[in-house]
Amino acid sequence: MQKHVIMDCDNTLGVRGCDVDDGLALLGLLGTEGVSVEALCTCYGNSDIETVTNNTRRMFAEMSIDIPLYKGCAGPDEPHSEAARFLAEAAAARPGEISLLATGSMTNLLGASLIDPSFFANLREIVCMGGVTRSLVITPGRIMDELNLSCDADATLAMLASPCPITIATAQNCMPTFFEREELAREFSADSWLCRTVDYWFNDMDAAYDWKGWTCWDLVAAFALCRPSLFDWHTMDVTLNRRFIQAGYLEHASEGAPSALVSTPTITDADAFRAEAYAAWHAALAKLDII
């Protein structure tokens, strides 16, 4: 069955000092058969909205990516944006058809629901990346803070409490998607566009966490949406508590606590996941005629 996807993301692929995973997740979608990327909405998170939007426009122009692009909200106190209006209108026009991949802050989603209270009910599903179920220990003694769900706790709570089916690729469940420089170079060659574009992130992760590679967090959510056979599927009752969500903490709800049921996929085989990632990136870059 064809998936009609809108991606809402804080793409900073190619921005020095910022994460590469949103752009690689988009390539993962573009390289998957049966997926139609209908539009991309920008959001803040990895950087401010101007940097994210300008970087995505640059990336689309340089790679000849022909996808409608909508600028999102600047922060949690500004839920109205071009992207929020587009999301509300797109979901209303095609109820039950649109899958929303959200890999940054959730403010655009809240903004869409303020425009149209039926927004969440009109979506087919929301698949997002974010949240921690315990401290995210990267290397001994080094804890990484959660970003996506904690950026706008009120927006995240609205999303979690909605009637839409929700899948969350939690940070812990993304950890097996670890990419190393040498393996990437063997797959694409060190002078390829992909290796050159992401090379700075290897250096950044090594400097920040003594990590000899990086996790492609958002690709996990993208593949949960379009390549579900790579995962074992579980459900979790998440406590609807603003203080917890402000830290990105997804607590297993105690009996009687306000909660929401979400799907939490886990990667079945990390090697198979990476092989699928390489295949999808190759396919996407071939379509875009990028070496």
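**Close-up views of the largest pocket and of three helix pairs**

**View 1. Residues lining the largest pocket of the predicted model.** The largest pocket has a lining of 23 residues, and those nearest its centre are Asp19, Asn46, Met144, Leu147 and Trp217. Three elements each give two or more residues to this lining: helix H1 (21-30), helix H9 (193-209) and helix H10 (217-226). The most is given by H9, which supplies three residues. The volume of the largest pocket is about 390 Å³. Sorted by class, its lining holds eleven nonpolar, seven charged and five polar residues.

**View 2. Packing of helix H8 against helix H12.** Helix H8 spans residues 181-188 and helix H12 spans residues 270-287; the two pack at an angle of about 45°, and their axes lie 11 Å apart. Because angles between 35 and 65 degrees fall outside the parallel, antiparallel and perpendicular classes, H8 is oblique to H12. The crossing of these two helices, H8 and H12, is right-handed. From H8, the residues Glu183, Leu184, Glu187 and Phe188 take part in the contact, where they meet Arg274, Tyr278, Trp281, His282 and Leu285 of H12. The contact of H8 with H12 comprises five nonpolar, three charged and one polar residues.

**View 3. Packing of helix H8 against helix H9.** Between H8 and H9 the packing angle is about 180°, with 11 Å separating the axes. An angle over 145 degrees counts as roughly antiparallel, and H8 is therefore roughly antiparallel to H9. On the H8 side the contact involves Arg181, Leu184, Ala185 and Phe188, and on the H9 side Leu194, Cys195, Val198, Asp199, Phe202 and Asn203. By class, the contact of H8 with H9 contains seven nonpolar, two charged and one polar residues. Leu184 and Phe188 of H8 appear in this contact with H9 and also in the contact with H12. H9 is likewise among the elements that line the largest pocket shown in View 1.

**View 4. Packing of helix H3 against helix H4.** Helix H3 (residues 82-93) packs on helix H4 (residues 107-115) at an angle of about 60°, and the axes are 8 Å apart. H3 and H4 are therefore oblique to each other. Their crossing, that of H3 and H4, is right-handed. Within the contact, Ala83, Ala84, Arg85, Leu87 and Ala88 of H3 meet Asn108, Gly111, Ala112 and Ile115 of H4. The contact of H3 with H4 divides by class into six nonpolar, two polar and one charged residues.

Definitions and conventions. Residues are numbered from 1 along each chain as its sequence is written. This is a predicted model: local features need pLDDT of at least 70, side-chain atom pairs count only at pLDDT 80 or more; totals for chains, interfaces and linings use all residues. Side-chain values use heavy atoms; hydrogens and water are left out. On a 1 Å grid over the protein atoms alone, a cavity is a set of points where a 1.4 Å probe fits but cannot get out, and a pocket is an open set with protein on both sides within 12 Å along at least five of seven lines; lining residues have an atom within 4 Å of a point. Grid points are joined across faces, edges and corners, and a volume is the space filled by probe spheres set on the points. Helices (H or I, at least four residues) and strands (E, at least two) are DSSP runs, numbered from the N terminus. Ala, Val, Leu, Ile, Met, Phe, Trp, Tyr, Cys and Pro count as nonpolar, Asp, Glu, Lys and Arg as charged, and the others, Gly among them, as polar. Axes are lines fitted to C-alpha atoms, for helices over the stretch in contact, and angles run from 0 to 180 degrees between N-to-C directions. Angles under 35 degrees count as roughly parallel, over 145 as roughly antiparallel, 65 to 115 as roughly perpendicular and the rest as oblique. A crossing is left-handed if the near helix is turned anticlockwise from the far one by less than a right angle, and right-handed if clockwise. Contact means heavy atoms within 4.5 Å.
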